[in-house]
Amino acid sequence: MPGFRQMTVSKSTRTTLLAIAWPIFVEQALRMAIGTVDTFMVSHVSDDAVAALGVAHQLIIFFLIVFNFIVIGASVVLTHHLGASDYKGAEAITHNAIAVNTWIGLASSVFVVAFTDPLLRMMQLPDELMPHARPFLLLMGGTLFLESIGMSIGAVLRAHKHTKDAMYVAFGQNVLNVIGNCVLLYGLFGAPKMGVMGVALSGVASRIVAAGALWVLLKWRTGMALRIADFFRVHKGSVGRILKIGLPAAGENLCYWLAFMLVTTFVARMGADSLAVQSYTLTLQRMVMIFSFAIGLGTEILIGHLIGAGRFEDAYEELLRSVRKGLVLAAVAIGLVVLASPWLIGMFTQKESIIAACVVLLRISLLLEPGRVFNVVIIASLRATGDVKFPLQMAIFSMWLVWVFLAWFLGLHLGWGLPGIWLAMTADEWVRGLLMYRRWKGRRWMEHARHSHAHVATPAAAPAE
């Protein structure tokens with residue numbers, strides 16, 4: 001595949017971290033905006049419709065996390081092959097990743113369609129909200145396979161450093177989603193007012209277009225084309241390598257969300273206002289988190305290429321530069337949010353006590369967000385070297401013994417309330433962050449990097465199949 005080889009090499013020699021990271025930031029912000037826009041527009045229909053949409057969205061998000069098992073692992077393994085200029089091996093990993101995630105997506109779609117009502121009842125959805133949630137989940141859940149395909153192709157494009165492509169597709173998907181919502185939700189241009197069903201149809205249409213665009217971009221950017229037979233030729237060894245990275249990474253994410261859910265029950269015991277304060281504060285913090293995520297994923301891509309090429313010292317220095325850049329960006333971003341926080345929170349509520357409480361938590365976040373940078377960026381880099389078990393072990397230790405315990409002790413036992421919860425979260429981020437930094441500086445990941453590099457075939461080697 002000469003075209004594929006030439007394109008990849010010429011790009012890799014001049015791509016910088018910020019060139020990779022800023023499109024990832026925009027893409028993730030746009031993807032976050034889809035759910036926010038849907039909720040905002042449905043809020044003009046009824047509060048019941050918003051509640052039903054929120055519950056159905058939680059089920060969709062669960063399946064997206066499942067798809068990430070393959071996406072995360074494939075991205076790392078693919079960068080190793082590309083870094084070693086093993087394009088045949090990269091093609092095999094791409095075929096296997098897309099095929100496996102397609103089958104997982106199809107199985108998920110069938111499962112959701114078959115068990116729509118039981119799933120919604122499991123989420124304790126009241127009967128009166130079922131007419132809103134059922135059609136939405138049937139349509140959005142029934143087309144989950146499109147999301148699994150799109151996520152896989154997006155990861156492949158990012159591994160090739162074509163991060164702008166996924167950004168453009170996300171932008172187009174947002175535009176189509178908003179237009180579809182306006183037409184089908186509000187009945188523009190003579191269309192019927194379809195409520196939540198209209199939002200679902202709009203979402204499905206934008207998904208179809210996005211998946212199709214990504215498929216075309218895959219062929220255009222890499223020269224790779226999938227045949228029907230490729231979906232039935234899954235190589236056990238390739239999938240095993242993908243899951244070796246993907247499962248621990250997904251386990252770490254799962255550990256975080258379980259801890260977060262438990263801590264949220266502590267907040268719920270403090271009352272409805274406390275839950276509102278947490279919700280508003282996290283809404284503003286998420287935009288800052290995306291900075292860290294974009295720098296982390298961009299660094300993972302660069303370091304994966306360097307590990308594949310056997311350039312371990314360059315990888316070591318690349319991470320240190322990325323952490324410095326991430327710290328500056330996160331500090332500036334959270335600083336601006338804190339300065340504007342009274343006005344920003346005032347867009348959601350006029351209750352002075354809630355605004356004041358949010359400002360306090362955001363000020364604590366001036367310390368929290370830099371700690372998060374260490375975790376997000378260094379953990380992504382450790383994952384790129386193949387060192388995946390250590391972050392998971394530290395997540396289990398710190399999230400439950402530091403974050404959850406201190407959240408209970410400071411927030412509930414000592415009665416510090418939400419500031420106690422936020423201080424516990426800050427302690428967890430810094431404990432894990434410093435442990436990750438020590439791991440990197442101590443070069444304990446080198447053994448894993450050498451092992452990962454040894455698994456990558458040379459260009460003259462046999463295909464990975």
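This is a short group-meeting talk on the overall build of one chain and a nonpolar patch on its surface.

Okay, hi everyone. Before anything else, keep in mind that this is a predicted model.

Let's start with the overall fold. The chain has 16 helices and 0 strands. How compact is the chain, then, for its length? Its radius of gyration is 22 Å, and the globule rule gives 23 Å for 465 residues, so the chain is as compact as a globular protein of that length. If you lay the C-alpha trace along its principal axes, you get spans of about 65 × 55 × 35 Å.

Now the inside. Of the 465 residues, 54% count as buried. And if you take the contacts with a separation of 6 or more, 83% of them come from residues 24 or more positions apart.

On to the outside. The accessible surface of the chain is about 20,000 Å², and carbon and sulfur atoms hold 69% of that.

Here's the bit I wanted to show you. Which residues form the nonpolar patch on the surface? They're Leu254, Leu258, Met261 and Leu262, plus Ile396, Phe397, Trp400 and Leu401. Together they have about 760 Å² of accessible area. Two helices are worth pulling up here: α10, running 236–268, and α14, running 389–413, each supply at least two residues of the patch.

Let me zoom in on one of them, Trp400, which sits in helix α14. Buried or exposed, or somewhere in between? Well, its relative accessibility is 31%, so Trp400 counts as partly exposed.

That's it from me, thanks.

Notes. Residues are numbered from 1 along each chain as its sequence is written. This is a predicted model: local features need pLDDT of at least 70, side-chain atom pairs count only at pLDDT 80 or more; totals for chains, interfaces and linings use all residues. Side-chain values use heavy atoms; hydrogens and water are left out. Patches are made of residues with over 30% relative accessible area and no salt bridge: like charges are joined within 9 Å, nonpolar side chains (Val, Leu, Ile, Met, Phe, Trp, Tyr) within 5 Å. Accessible areas come from the Shrake-Rupley method with a 1.4 Å probe; for residues, only the protein chains shown count as cover. A salt bridge is a side-chain nitrogen of Lys or Arg within 4 Å of a carboxyl oxygen of Asp or Glu. Helices (H or I, at least four residues) and strands (E, at least two) are DSSP runs, numbered from the N terminus. Buried means under 20% relative accessible area, exposed over 50%, partly exposed in between (1.4 Å probe, protein chains only). The radius of gyration is taken over C-alpha atoms; the globule rule is 2.2 Å times the number of residues to the power 0.38. Contact means heavy atoms within 4.5 Å.
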